[in-house]
Amino acid sequence: MEGQIIPGVGTQYSLTTTNNETVHVILHYNGKREIYITDDDEDVIANIGLNESEAREIALKLMDVNHDTMEKKAFERFTLLRKQMLVDWIKVGQLSPLKDMNIEQAEHRVPNGVNIVGISRGSDIIPKPDSSERIHEGDILLVIGYNDAVSEFEAVCRPQG
């Protein structure tokens with residue numbers, strides 16, 4: 001599914017079906033979840049709001065957890081890991097201390113560990129950048145790590161002073 005950040009709202013994931021209907025899943029920062037289905041003219045055919053437990057139940061059914069394609073315990077471990085880990089986009093500003101550092105130097109700025117797994121640079125996407133890749137002003141870094149480490153890394157990205 002294609003993901004898109006909606007500033008101030010959360011993340012929207014979209015998938016176009018073979019019937020040219022598009023399913024949009026919106027994960028709000030506040031925990032709310034919404035599903036919209038639109039036709040090829042982008043008219044809303046249906047929409048529904050879900051709380052966390054309802055979304056989990058639907059996810060389990062879609063993953064066919066009760067029919068041996070994925071064990072419920074494995075899904076629960078994944079859910080626990082997801083609560084401890086964070087994936088985030090962090091923009092490198094003009095005064096960021098990370099500007100002109102390479103990936104390896106930037107990752108060592110946070111002792112708990114954060115991995116830079118991608119860079120959005122203008123119209124280019126650099127997946128799994130090499131450790132020697134230089135970080136430029138305006139880059140948007142895709143990072144993954146434990147919640148506290150990502151927050152600490154985000155603070156390191158801000159201008160000092």
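A residue counts as buried when its relative accessible area is under 20%, as exposed when that area is over 50%, and as partly exposed in between. The exercises below apply this to a predicted model.

**Exercise 1.** Decide whether His24 is buried or exposed, and describe its surroundings.

*Solution.* Begin by locating the residue: His24 belongs to strand β3. Next, take its relative accessibility, which is 16%; because the limit for burial is under 20%, His24 is classed as buried. Then list the contacts, leaving aside residues up to four places away in sequence: His24 touches Gln12, Tyr13, Ser14, Glu34, Ile35, Tyr36 and Thr38. Finally, look for a polar contact, and one is found between the side chains of His24 and Ser14, at 2.9 Å.

**Exercise 2.** Classify Tyr29 as buried or exposed, and state which surface patch it helps to form.

*Solution.* Tyr29 is placed in the loop that lies between β3 (22-28) and β4 (33-38). Its relative accessible area is 55%, and since exposure requires over 50%, Tyr29 is exposed. On the surface, Tyr29 joins Ile5 and Trp89 in a nonpolar patch, whose three members together have about 320 Å² of accessible area.

**Exercise 3.** Work out how β4 is paired with β5.

*Solution.* First establish the direction: β4 and β5 (residues 44-50) run antiparallel and are joined by six bridges. One partner can then be identified, as Arg33 is bridged to Leu50 in β5. Last, consider the connection, where β4 and β5 form a hairpin with five residues between them, and where Glu42 in the turn has a positive phi of about 65 degrees.

Methods: Residues numbered from 1 in each chain as written. Predicted model: local features only at pLDDT ≥ 70, side-chain atom pairs only at ≥ 80, totals over all residues. Heavy atoms only, no water. Patch = residues over 30% accessible without salt bridge, like charges linked within 9 Å, V, L, I, M, F, W, Y side chains within 5 Å. Areas by Shrake-Rupley, 256 points an atom, 1.4 Å probe, with all protein chains shown as cover. Salt bridge = Lys/Arg side-chain N within 4 Å of Asp/Glu carboxyl O. Helix = DSSP H or I, 4+ residues; strand = E, 2+ residues; numbered from the N terminus. Buried < 20%, exposed > 50% of the residue type's maximum accessible area, 1.4 Å probe, protein only. Pairing = 2+ DSSP bridges. Polar contact = N/O pair within 3.5 Å; in protein donor to acceptor, adjacent residues only side chain to side chain. Contact = heavy atoms within 4.5 Å.
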